[in-house]
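Student: I'm new to this one. Can we go through some of the labels together and ask what earns each of them?

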Amino acid sequence: MRHCDSELHVSGRSEYVDDVAPPANLLHAAIFGSPVAHGIIRSLDTSKALEVPGVIAAFTFDDIPGEGYIGQIVADEPLFADKKVVFHNQPIAMIIANSHEAARKGTLACSTKIEELPAITCPREAFKQGEILQELRVFEKGDVDSIWDSCDHVITGKVDLGGQEHMYLETNRCRAVPMEDGQIKVFSSTQSPSATQKTIASVLGIPMNKVEVDVKRLGGGFGGKEDQATQWACMAALAARSLNKPVQIVLNRVDDMQMTGKRHPYKQDFKIGLTKEGKILAFEVDHYQNSGAFMDLSNPVLERTCLHSTNSYAIENVRIRAVPCRTNLPSNTAYRGFGGPQGMFPLEAAIAEAAKELCVERDWLQSQNIAQGGYTFHYGQNLEDNRLKQTWDQAVADFDLEGLRSRTKEYNDTHTMSKKGFALMPVCFGISFTKTFLNQGSSLVHVYTDGTVNVTTGGIEMGQGISSNMIAICSRIFGINHERIRCNSTNTSRIANISPSAASATSDLNGNATIIACREILSGMKKVVAKELKCDASEISIKDGQVYCGENATELDWNTLVLKSYFSRVQLMAHGFYAPPNISFDPIKGWGRPFHYYTYGTCLVEATVDCLRGTYSIDAAKVVHDLGRGIIPTVDLGQVEGGLAQGIGWVTLEELKYADDGRLLSFALSNYKCPDGDFLPDDLEVKFLENVDNPGGPLGSKAVGEPPFMYGIAAYFAIRNAIDSFSSTNEDEIKCPMTPEQTLHLLYPNFEYD
Amino acid sequence: MLIKKQITFLLNDELLTIETPPVLVALDYLRKNKHLTGTKEGCKEGDCGACTVMVGELISGEVKYKPVTSCLLPMGELHGKHLVSIEGLNMNQPSPVQTAMVDCGGTQCGYCTPGFVVAMTAGLMDEEIPLNKKGADYAISGNLCRCTGYRSIKEAGIQAIDHLAPKLKNKPRIPTLCDIGALPNSFQNVSEKLAKIPPLQDSTLPDTPSLPFVAGGTDLLVQRGEELADDSPSLINNTPIAPIVEKGEYLVVDARTSFEDFANDPLIQKAVPDILSYNDLIASWPIRNRATLGGNICNASPIADMTSLLLALEAELEIESPETNRLLPLKNFFIGYKQLAKEGHEQISNIHLPKPKTNTFINWEKVSKRKILDIATINSAAKIVIGNEAINEVHLSIGGVAATPLYLTKTSQSLAGKTLSTETVLEAVDLAQSEFNPISDVRGSAQYKRLLSRQLLIAHFTKLFPETISEEAINASL
Ligand SMILES: Cc1cc2nc3c(=O)[nH]c(=O)nc-3n(C[C@H](O)[C@H](O)[C@H](O)COP(=O)(O)OP(=O)(O)OC[C@H]3O[C@@H](n4cnc5c(N)ncnc54)[C@H](O)[C@@H]3O)c2cc1C
Ligand code: FES
Ligand code: FES
């Protein structure tokens with residue numbers, strides 16, 4: 001089986017929000033954003049916009065009938081700027097016109113006078129000025145303060161860790177259609193249909209049961225549409241309801257990049273203490289999260305940063321301090337890994353620095369400290385098995401690390417201006433929403449009298465293959481061919497209170513719910529034929545659409561079974577609900593069992609640096625990944641490779657640049673560069689641990705969406721490793737991403753021109 | 001003022017005559033006017049390839065297809081041409097490219113996918129593109145995917161080629177692809193259909209051309225696309241582009257020559273032996289099919305790639321208006337940031353390139369954040385003529401360090417007559433720093449540009465004369 005939408009995709013027949021034939025009288029929205037990053041609005045004039053031919057209406061904060069402020073954790077974000085602006089291009093007004101072009105022209109005719117205030121873009125600076133979104137949090141284990149003296153080596157450092165643009169190929173978009181009796185139907189490119197439904201209801205001041213949100217598929221999300229697709233849906237709904245016409249909003253790329261948040265940049269301080277034998281005794285890290293203007297999801301993102309600050313390593317004395325800092329940028333938000341990558345990076349940097357001081361290989365130091373089964377993390381959860389170490393050992397063996405080490409050395413000894421390097425990255429990533437209540441999934445399975453099946457779940461199809469997984473699960477539980485099964489759009493009228501498709505958990509939660517629904521239908525069906533076949537219902541199974549009694553095929557096939565069940569008045573649709581057991585987390589104490597289980601893996605990246613030009617190539621990326629029992633091989637592989645690719649991009653090319661006044665300078669695909677086919681290595685190999693199960697995931701599978709992202713961190717240290725063979729890196733602040741600019745500076749630390 | 005233009009063209013398998021704003025881009029026409037929504041918008045500035053379509057043009061009796069980004073393609077240019085969107089490639093059965101993409105898992109969210117399928121198919125249809133891994137990569141140089149990590153897409157390209165290459169061996173590609181079900185049959189008789197379209201009777205054209213000139217539109221429509229959609233600028237690519245010819249000591253190049261045609265021209269390849277490897281580092285295949293030399297020069301961006309090369313090659317511009325026709329050295333053309341030594345209504349008609357003398361060595365360097373499809377942080381070109389004992393002539397250019405593309409007059413002169421040695425080179429690159437003053441911007445800090453410009457100037461010499469100028473010696477000097 002392949003991704004179920006593949007054939008539609010390759011022929012351009014799959015429909016995204018604005019591909020569906022437009023309803024009559026469809027109107028178009030465009031956004032007028034703030035020209036400055038911080039200031040007080042002294043005046044706002046949209047009247048000129050209304051003179052533009054085709055423009056029909058303008059909306060501002062004052063036109064919101066219900067709650068003007070939105071936000072899932074704290075409702076602190078005004079839908080349109082309210083008296084002040086806090087980031088560049090923050091939406092101030094929305095122009096509605098009979099064409100997209102006219103609406104855009106309308107926005108150009110808007111004007112505002114803003115008394116400008118200084119903008120803050122650095123989280124350390126924000127912290128200094130008391131601009132925090134929440135009190136500092138501390139996670140502690142052991143006794144860090146008293147251990148430093150007994151360490152043979154203590155190393156401190158600073159990290160400047162960049163953010164990342166989601167760069168989903170499909171920008172944010174939504175179409176809202178008014179319906180009878182004040183209802184509204186919304187087609188949105190969102191990962192969170194229920195949050196969208198709830199927020200629209202609140203903004204419009206209407207009950208949730210009048211808002212239906214439907215999501216067929218997304219052209220990519222990666223977390224960027226978890227919380228930040230909501231506002232555009234609210235705006236479209238607002239205009240649709242007040243004008244009583246369908247309204248569509250499609251952000252152009254530049255607006256999308258300037259108006260929506262990204263992966264959180266962090267500033268970090270670390271301190272690591274080791275014995276001379278290379279045992280890490282203590283690790284301390286301070287995280288200053290660049291949260292942007294509002295809370296959005298910064299709090300849970302930061303929480304995961306804290307939980308994953310020791311990644312895969314066993315360290316007895318740990319202190320993590322973290323604070324979300326308010327800056328004049330769009331609210332930074334969920335992004336594949338959800339703070340995990342930012343948690344893991346400083347420790348990897350610390351290990352690299354420590355390896356230099358101890359004159360040992362970085363990977364040796366890593367291997368000495370990898371956590372094994374039985375280890376308890378600083379938040380109380382145990383590592384229950386040894387598969388993390390197993391992925392490391394397999395990577396070292398299968399990818400011939402020792403051979404690579406000697407080949408690299410030989411190459412570097414014989415080349416002056418070209419150097420090779422490599423690095424390993426182990427990943428131990430917890431699966432579950434750390435907000436325990438979100439760990440619930442629902443599925444609705446319909447079996448029709450012709451034997452075909454429809455499944456609807458709370459999972460959003462954004463390319464990750466959730467629909468295909470749901471179909472595969474139905475197919476295996478029912479024992480029928482996947483071609484007889486379809487996966488429907490995700491719709492708040494069919495599934496209530498949907499958790500966002502996030503935290504890698506979508507397939508787990510909704511897949512398990514689907515299994516429950518399918519089993520419920522099956523059990524009724526089996527009873528019907530058990531009577532007829534004169535056997536026990538428990539002996540009945542279905543394989544390839546044929547009914548078996550024990551080992552023996554019967555005359556009955558699936559279709560007959562369905563019909564017989566129907567005529568016997570047995571239910572052929574069921575709702576399944578699933579909430580994983582055994583998880584609980586006290587966010588105040590920072591203690592508990594937040595994760596259902598862990599996904600593990602180890603990645604090896606090789607790089608070559610051109611020491612004249614400061615450019616580099618990623619030559620190979622190889623992964624051993626623990627997938628449990630995968631559901632659909634090509635889909636799982638695609639998730640690992642895609643995550644890895646984004647991770648590599650984050651630490652290499654992808655650089656968000658802000659001007660001091662808070663404007664994003666890398667605001668288009670021409671100046672923000674993500675990896676392309678040439679940059680990513682042809683030598684990309686993913687191996688899955690064999691013969692491993694996972695009782696927590698559906699059909700023994702493991703969540704796979706986010707963990708591979710962090711493999712990409714290996715690329716950063718592979719390039720650094722190559723640079724180390726040319727010059728000695730010793731900067732005040734370790735900067736990520738390792739752009740060609742950064743690389744050249746590290747190669748020639750003494751160059752200065754005045 | 002908007003003057004609509006009547007054009008007749010083939011859209012997939014449908015012959016259409018429409019009135020169109022000349023600079024309505026094909027992407028909007030397809031999606032909004034025709035509701036052909038397989039073509040996607042990802043950036044509207046040529047950078048993602050989600051909107052890739054093919055344009056077929058009748059050239060000496062045969063239709064040649066090129067992939068281009070429809071978001072920068074003015075409809076006004078399509079008279080007599082064949083516009084092919086993903087819908088025009090669909091058949092009852094998936095094509096080998098489509099099948100390979102499905103088999104290899106080359107599609108996840110699917111948003112980028114039609115663009116990839118069109119580009120890969122275009123690669124198969126173009127006789128010049130080799131049916132191997134290199135050709136497969138070439139074809140998708142303009143396409144971004146955020147989901148897959150590309151391994152699966154690259155594999156799909158190879159799978160399709162492995163499947164088709166044996167069948168295409170020694171056969172004309174397009175008819176053969178049709179015969180074996182890899183292209184719709186409607187591609188069989190396109191040349192007849194296009195030949196029947198009468199040439200445009202351009203009575204609507206005013207006497208004086210309306211400004212600005214649009215050549216490939218790959219700069220102009222990125223910067224001013226929304227505004228120009230309501231206007232009727234002159235589409236100067238609408239008349240046939242003259243082939244590159246030799247005239248005495250010069251090669252004469254029509255300014256409207258695309259990057260792709262320029263790099264693939266045998267005369268150019270003779271004069272600039274490594275031109276094809278430079279070409280790979282400039283924009284992407286679909287953009288190079290549109291981007292023109294004249295546009296590159298007149299856009300006057302400090303990091304214009306072809307311009308930096310042409311500067312070192314001592315190009316001269318033939319500048320034309322109804323009143324005048326004059327020749328100007330390219331190095332005298334830039335007088336300030338985006339300020340040119342020409343009137344707005346003057347058009348560059350041709351570029352004159354002196355044919356290289358014997359013992360001429362040419363090199364071009366570019367560093368950008370991403371190697372493919374990215375704007376240079378710094379680019380630089382060198383033309384060096386070596387005499388018996390010493391250097392005869394040097395022409396160095398550099399981009400990205402000043403308000404305009406720069407010809408390094410002092411540094412170039414300083415090298416003439418000197419003996420080629422590590423010291424000479426180091427002195428020269430130090431002198432070069434006094435000829436410009438880079439600023440910090442999104443492409444890098446001023447310090448970085450200083451250092452990088454130095455390195456790229458050195459690179460010319462280490463690359464061209466590795467025996468004399470060793471990287472080791474240079475490195476030891478830092
Ligand atoms: C995705 C993308 C990637 C790119 N990558 C690169 C790159 O790697 N390197 C690079 O150098 N550039 C790059 N560019 C920029 C652009 O493609 C080139 O500068 C190209 O040469 C412009 O040519 P054009 O014919 O498209 O110009 P147009 O956009 O048509 O015109 C540009 C300007 O020149 C004027 N003009 C054009 N022709 C003439 C003429 N004959 N006489 C007088 N005036 C004229 C126009 O009026 C306009 O002001 C890229 C552009 C895009 C969209
Ligand atoms: S829309 Fe991105 S290249 Fe055209
Ligand atoms: S499949 Fe999503 S962008 Fe390529």
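Tutor: Sure. Buried means under 20% relative accessible area, exposed over 50%, and partly exposed in between (1.4 Å probe, protein chains only). This is a predicted model, where local features need pLDDT of at least 70, side-chain atom pairs count only at pLDDT 80 or more, and totals for chains, interfaces and linings use all residues. Side-chain values use heavy atoms, leaving out hydrogens and water, residues are numbered from 1 along each chain as its sequence is written, and chains are lettered from A and ligands numbered from 1 in the order in which they are written.

Student: Why is A:Gly12 called buried?

Tutor: Its relative accessibility is 7%, and the limit is under 20%, so A:Gly12 counts as buried.

Student: What is A:Gly12 in contact with, leaving aside its neighbours within four places in sequence?

Tutor: With B:Thr37, B:Gly38, B:Ile86 and B:Pro114; contact means heavy atoms within 4.5 Å.

Student: And why is A:Phe127 partly exposed?

Tutor: A:Phe127 has a relative accessible area of 32%, and partly exposed lies between the buried and exposed limits, so that label fits A:Phe127.

Student: How do you know which strands are at the edge of the sheet with the order β15-β16-β17-β18 (chain B)?

Tutor: Two strands pair if DSSP finds at least two bridges between them, with strands being DSSP runs (E, at least two residues) numbered from the N terminus. β15 (360–367) and β18 (406–407) of chain B each pair on one side only, making them the edge strands.

Student: What makes β15(B) and β16 of chain B a pair?

Tutor: Eight bridges join them, and they run antiparallel. One bridge partner is B:Ile384 in β16(B), facing B:Phe361.

Methods. Helix = DSSP H or I, 4+ residues; strand = E, 2+ residues; numbered from the N terminus.
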